[in-house]
Amino acid sequence: MAVLVIAEHDNKTLKRATLQAVDAAARLGEVHLLVLGSGVDAVAQAAAKVAGVAQVKVVDDPALAESLAEVVTAQVVPLAKDYSHVVAAATAHGKDFMPRVAALLDVAQISEVTGIDSADTFRRPIYAGNAIATVQSSDPIKVLTVRGTSFDEAAAEGGSAAIEKVAAVAVDGQPALVGREQASSDRPELTAAQVVVAGGRGLGSAEQFQAVLEPLADRLGAALGASRAAVDAGYAPNDWQVGQTGKIVAPQLYIAAGISGAIQHLAGMKDSRIIVAINKDEEAPIFSVADYGLVADLFEAVPALTAKLG
Ligand code: FAD
């Protein structure tokens, strides 16, 4: 049996999360990539080139333009019955429709998989990443969401999969999208950024957060992140929150300024390649995960670092 991976895209380009899901799925068996969308020829072509993908299935229908969970689920469920595993990235999109897929297949979803031991045994973090559970599933179809930061990216080029068109399944009482509010930014997307500059309560105000961290992020071409305390205090927008109840990131470089390093924050960033912590309290727990720690006042250290990079 093969593995069905649900591609994530914006109807134009394939997202990096798809390549990570393909890398995970390739450890389980032959990978078939399912592209659901509207006007997705370019996405299907890109999907066919991904190394390790044996087949691309495409459902191209205007009803799928917005990737609404109800409509996506209706396409995935009948196809899933021919597969041993259904895999999607554990992103907002994957988390939206995969539980519905699992429920309709009457199987348990295995969420946020970070390791694959065998075709039925998976590792996933629990207790905010403080313990790793090894889960064995006896379900006939395994429905998995995989954490991208734990896998490599399959090469975007090198494959030559056949593309098969599949007719869309109509949905009773088709849901309609009322509106979508999307933040736009010139910065890289937080979960995809190679460098993240994050600030905590130590920044003291929204104005200081901006004045101190933005120049450094600009120099490094970085995304901005924040602790929950910084978000709750209004220093940074909600969608910058990193951690257990925020985003999970694993950039090449994570700079944490004025962040104490509570376990709930570490749960979202401790897999970063290199962690730099700037904190005036040498006992701050962030130093336990930092590769480079600077015990200093961030209002002096961050501008000095920014100036050196100039
Ligand atoms: P603080 O803990 O107040 O730390 C501020 C730090 O700044 C201190 O270490 C201080 O020494 C340092 N500092 C102050 N001034 C300076 C200065 N001038 N120069 C240098 N350093 C300075 N938190 C998250 O971040 N993400 C989550 O997703 C998240 N989810 C949670 C879920 C649950 C269920 C719960 C209960 C909590 C969650 N939290 C989360 C909150 C978490 O427990 C902490 O409260 C939070 O991370 C603290 O943020 P902070 O480090 O910015 O603030």
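This briefing covers two sheets, a ligand site and one loop residue. The model is a predicted one. One open sheet has 5 strands with parallel pairing; another open sheet has 3 strands with antiparallel pairing. The shell around the ligand divides into 7 nonpolar, 13 polar and 5 charged residues.

**Parallel sheet**

- The strand order is E12-E11-E13-E14-E15.
- Strand E12 (223-226) and strand E15 (292-295) stand at the edges. Each has a single partner strand, so one side of each is left without a neighbour in the sheet.
- From one strand to the next, the twist averages 15°.
- Strand E13 (residues 253-257) pairs with strand E14 (residues 274-279) in the parallel sense, over 5 bridges.
- Ile255 has Val276 in E14 as its bridge partner.

**Antiparallel sheet**

- The order here is E6-E7-E8.
- Strand E6 (115-118) and strand E8 (131-136) are the edge strands, and each pairs on one side only.
- Neighbouring strands of this sheet are turned by 30° against each other on average, direction ignored.
- E6 and strand E7 (residues 121-126) are joined by 3 bridges in the antiparallel sense.
- Ile116 stands opposite Phe122 in E7.

**Ligand site**

- There are 25 residues around the ligand. Arg201, Ser227, Thr245, Ser260 and Asn279 come nearest.
- Three helices each supply at least two residues of the shell: helix H6 (228-232), helix H7 (263-269) and helix H8 (298-309).
- Gln241 places a polar side-chain atom 3.0 Å from an oxygen atom of the ligand.
- Gln244 has a backbone N or O atom 3.0 Å from an oxygen atom of the ligand.
- For Ser260, a backbone N or O atom lies 2.7 Å from an oxygen atom of the ligand.
- On its own, the ligand has 980 Å² of accessible area, and the protein covers 76% of this.

**Loop residue Ser160**

- Ser160 sits in the loop between strand E9 (142-146) and strand E10 (162-165).
- Is Ser160 buried or exposed? Ser160 counts as exposed because its relative accessible area is 70%, and the cut-off for exposed is over 50%.
- Ser160 and Val53 are 107 residues apart along the chain, while their C-alpha atoms are separated by 7.8 Å.

Methods. Residues are numbered from 1 along each chain as its sequence is written. This is a predicted model: local features need pLDDT of at least 70, side-chain atom pairs count only at pLDDT 80 or more; totals for chains, interfaces and linings use all residues. Side-chain values use heavy atoms; hydrogens and water are left out. Two strands pair if DSSP finds at least two bridges between them. Helices (H or I, at least four residues) and strands (E, at least two) are DSSP runs, numbered from the N terminus. Axes are lines fitted to C-alpha atoms, for helices over the stretch in contact, and angles run from 0 to 180 degrees between N-to-C directions. A residue is near a molecule or strand if one of its heavy atoms lies within 4 Å of it. A polar contact is a pair of N or O atoms within 3.5 Å; within protein, one must be able to donate a hydrogen and the other to accept it, and residues adjacent in sequence count only if both atoms are side-chain atoms. Accessible areas come from the Shrake-Rupley method with a 1.4 Å probe; for residues, only the protein chains shown count as cover. Ala, Val, Leu, Ile, Met, Phe, Trp, Tyr, Cys and Pro count as nonpolar, Asp, Glu, Lys and Arg as charged, and the others, Gly among them, as polar. Buried means under 20% relative accessible area, exposed over 50%, partly exposed in between (1.4 Å probe, protein chains only).
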